[in-house]
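Q: I am new to this structure and would like a close look at the metal site. Could you take me through that part slowly, and then show me a little of what else is there?

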Amino acid sequence: MFDPTVLETFLALVEIDSPSGEEAAIAADLVTRLKALGCDAWTDAHGNVVGRRAGRGAGASLPPLLLSAHMDTVVPGHGVKAHVADGIVRSDGSTILGADDKAGLTAILVALARTGNDGEASRPVELALTIQEETGLTGAKLMDHRQFEAREAIVIDSAGPVGAIVGQGPAQESLVVEIQGTASHAGVAPEAGVSAIVVAARAINGMRLGRIDATTTANLGTIQGGMATNIVPPTVVIRGEARGIYPSALASQVAHMRERFEAAAAEAGATVDITVTRSYDAIDLDEGTPLVQLVQRAMRSVDVAPQMITTGGGSDANVMAGRGFTVANLGFGVVGPHALDEHIAVADLNRIADVVTAILGDLG
Ligand SMILES: [Zn+2]
């Protein structure tokens with residue numbers, strides 16, 4: 001349905017600056033709005049907004065559903081001025097719009113407003129509105145998820161169309177590789193040196209990178225090293241990543257990268273120190289799970305066609321999946337997220353709000 005409060009709410013949120021690390025103002029605004037909607041709401045020790053609201057009527061005895069979206073935006077995100085023309089909301093072109101993820105926040109607020117009336121049945125909800133998603137899922141990682149009773153979560157932060165449900169998304173391993181060779185004067189005693197740059201080159205030459213298979217990718221993103229042209233370079237630091245949905249394929253890719261560096265270092269008489277850190281876990285959602293059934297049923301009830309999608313990106317949903325939640329991350333129709341021409345249709349703002357409303361009103 002077309003509801004003018006959806007666009008009003010969205011425009012109010014996009015005009016509150018919230019680049020990553022500067023979420024205090026929008027957090028305060030959201031806490032005020034949530035309290036007015038009958039929620040208990042507060043900011044946690046890290047600046048995330050957390051809350052809950054009891055269910056209504058026949059929904060009161062159901063387990064709560066955790067609703068999540070992130071409060072921060074990428075940059076440039078100061079002084080966003082939104083314009084609506086031909087049913088599309090855009091910035092003035094000098095900033096991002098911030099529909100990622102303020103469309104998600106809007107859908108949650110509107111759904112709570114529509115389901116808050118006494119006498120109507122709705123599910124209990126818990127809320128996790130995070131800081132610094134865009135800079136490494138930081139707010140979600142810092143959040144204490146043990147405070148939630150919910151075991152099922154709805155995240156509204158996929159770049160897919162309204163109707164998209166992320167069925168699969170990769171885990172990510174981050175690699176830091178430090179190659180230690182031996183410095184020497186390049187003109188006087190080159191044979192006494194071991195070039196860390198040459199070791200890196202030999203390791204990378206022949207390494208499987210890019211798209212490894214349909215669900216596994218790998219990249220070396222930065223390389224730093226060397227001191228001057230007349231010094232055999234003693235140190236190189238390389239930072240990279242591997243992503244994969246399936247643990248064994250991801251593990252074998254990481255092992256391959258590790259082996260290439262170790263073999264090249266050993267051959268040259270250098271040493272290598274490799275640190276692998278799990279950045280976030282995979283999403284591998286069974287279409288038959290009750291949560292997916294619920295979301296699909298709710299979508300159909302508001303004439304939205306559900307579709308399961310696969311993503312190569314990570315979001316707060318991956319952190320929650322890694323902490324044991326069954327998580328459905330929903331698309332909301334944003335076009336060009338993180339770009340100056342980011343935009344979203346008013347109709348899609350309404351449709352995702354309708355979907356979240358239907359989810360809260362679906363008692364199974
Ligand atoms: Zn986002």
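A: Here is a walk through the zinc site, followed by some other local features.

A few notes on reading come before the details. This is a predicted model, in which local features need pLDDT of at least 70 and side-chain atom pairs count only at pLDDT 80 or more, while totals for chains, interfaces and linings use all residues. Residues are numbered from 1 along each chain as its sequence is written, and side-chain values use heavy atoms, with hydrogens and water left out.

Let us start at the zinc ion. Its protein donors are His70 through NE2, Asp100 through OD and Asp157 through OD, at 1.9 to 2.1 Å from the ion. Donors here are N, O and S atoms within 2.8 Å of the metal (3.2 Å for Na, K and Ca), and since water is not among the atoms, sites may look incomplete. Along the sequence, the donor residues follow the spacing H-x29-D-x56-D. Asp100 sits in helix H3 (residues 99-114) and Asp157 in strand E7 (residues 152-158), so this pair ties together parts that are 57 residues apart in sequence. Helices (H or I, at least four residues) and strands (E, at least two) are DSSP runs, numbered from the N terminus.

How accessible are these two aspartates? Asp100 is buried, with a relative accessible area of 10%, and Asp157 also counts as buried, at 12%. Buried means under 20% relative accessible area, exposed over 50%, and partly exposed in between, using a 1.4 Å probe and protein chains only.

The backbone at Asp100 deserves a look too. A cis peptide bond joins Asp100 to Asp101, with omega about 20°, and Asp101 lies in helix H3. Another cis peptide bond links Val75 and Pro76, where omega is about -5°. Pro76 belongs to the loop between strand E3 (65-70) and strand E4 (83-85).

Next come two residues picked out by their phi angles. Asp86 is a residue other than glycine with a positive phi, near 55°; its place is in the loop between E4 and strand E5 (88-90). At 81% relative accessibility, Asp86 counts as exposed. Leu137 is not a glycine either, yet has a positive phi of about 60°. Leu137 is found in the loop between strand E6 (125-130) and helix H4 (138-142), and is buried at 5% relative accessibility.

From Leu137 we can step to Tyr280, in strand E15 (residues 271-280). Leaving aside neighbours within four places in sequence, Tyr280 is in contact with Leu137, Pro170, Ala171, Gln172, Arg243, Gly313, Gly314, Asn318 and Val319. Contact means heavy atoms within 4.5 Å. Tyr280 counts as buried, at 8% relative accessibility.

Finally, consider a pair of helices. In H5 (residues 196-204), Val199, Arg202, Ala203 and Ile204 meet Arg260, Phe261, Ala264, Ala265 and Ala268 in H6. Seven of the residues in this contact are nonpolar, none polar and two charged. For this sorting, Ala, Val, Leu, Ile, Met, Phe, Trp, Tyr, Cys and Pro count as nonpolar, Asp, Glu, Lys and Arg as charged, and the others, Gly among them, as polar.
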